[in-house]
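Please walk through this model with me, from a few single residues out to the whole chain.

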Amino acid sequence: MGTFLGFKDGRQRNTPVPGQLFTELLPEIDHLAELKVTLYAIWRLDHAQGTFRYLHEADVAADEHFLTGLAP
């Protein structure tokens, strides 16, 4: 994985994060991978289309870029 060089200039799409993440869920997360999966799920659900938004395990497993970040 490369070195993060900062956010790109210009307009970027933002992903809203529910406030409860910070007040209720974050204090319960005690493992970095759990935090990464939680944030990834919020991002994927925000980018999903349609009335009913969901994640399939296979979709997450197919995202090699994300899985690389979970490797020990």
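**From single residues to the whole fold**

Start at Pro18. Pro18 counts as partly exposed, at 45% relative accessibility. The model is a predicted one, and this value, like the others below, is computed from it. Pro18 sits in the segment before helix 1, which covers residues 19–25. Now look across to Ala62. The two residues are 44 places apart in sequence, and their C-alpha atoms lie 26 Å apart in space.

Step back one residue to Val17. Val17 also belongs to the segment before helix 1. Its relative accessible area is 34%, so Val17 is partly exposed: that class runs between the 20% limit for buried and the 50% limit for exposed. Val17 helps to build a surface feature. Together with Phe22 and Leu26, Val17 makes a nonpolar patch of about 250 Å².

Next, turn to helix 2. This helix spans residues 32–47, and Asp46 lies in it. Is Asp46 buried or exposed? Asp46 has a relative accessible area of 18%, and buried means under 20%, so Asp46 counts as buried. Which residues does Asp46 touch, leaving aside those up to four places away in sequence? The contacts are Arg13, Asn14, Thr15, Pro16 and Arg53.

Now take in the whole chain. How many helices and strands does the chain have? The secondary structure comes to four helices and zero strands. Read along the sequence, the pattern is α-α-α-α. The C-alpha trace spans about 30 × 30 × 30 Å along its principal axes.

Burial and contacts come next. The chain has 72 residues, and 14% of them count as buried. Asp46 is one buried residue. Consider contacts between residues at least 6 apart in sequence. Of these, 48% join residues at least 24 apart.

Finish with the surface. The accessible surface of the chain comes to about 6400 Å². Carbon and sulfur atoms account for 58% of that area. Charge is the last item. The chain carries 6 positive and 10 negative side chains. The centres of these two sets lie 12 Å apart.

To recap, Val17 and Pro18 are both found in the segment before helix 1. Val17 contributes to the nonpolar patch with Phe22 and Leu26. Asp46, in helix 2, is buried and touches residues including Arg13 and Arg53.

Notes
Residues are numbered from 1 along each chain as its sequence is written. This is a predicted model: local features need pLDDT of at least 70, side-chain atom pairs count only at pLDDT 80 or more; totals for chains, interfaces and linings use all residues. Side-chain values use heavy atoms; hydrogens and water are left out. Helices (H or I, at least four residues) and strands (E, at least two) are DSSP runs, numbered from the N terminus. Buried means under 20% relative accessible area, exposed over 50%, partly exposed in between (1.4 Å probe, protein chains only). Contact means heavy atoms within 4.5 Å. Accessible areas come from the Shrake-Rupley method with a 1.4 Å probe; for residues, only the protein chains shown count as cover. Lys and Arg count as positive and Asp and Glu as negative; His and the chain ends are not counted. The place of a charge is taken as NZ of Lys, CZ of Arg, CG of Asp or CD of Glu. Patches are made of residues with over 30% relative accessible area and no salt bridge: like charges are joined within 9 Å, nonpolar side chains (Val, Leu, Ile, Met, Phe, Trp, Tyr) within 5 Å. A salt bridge is a side-chain nitrogen of Lys or Arg within 4 Å of a carboxyl oxygen of Asp or Glu.
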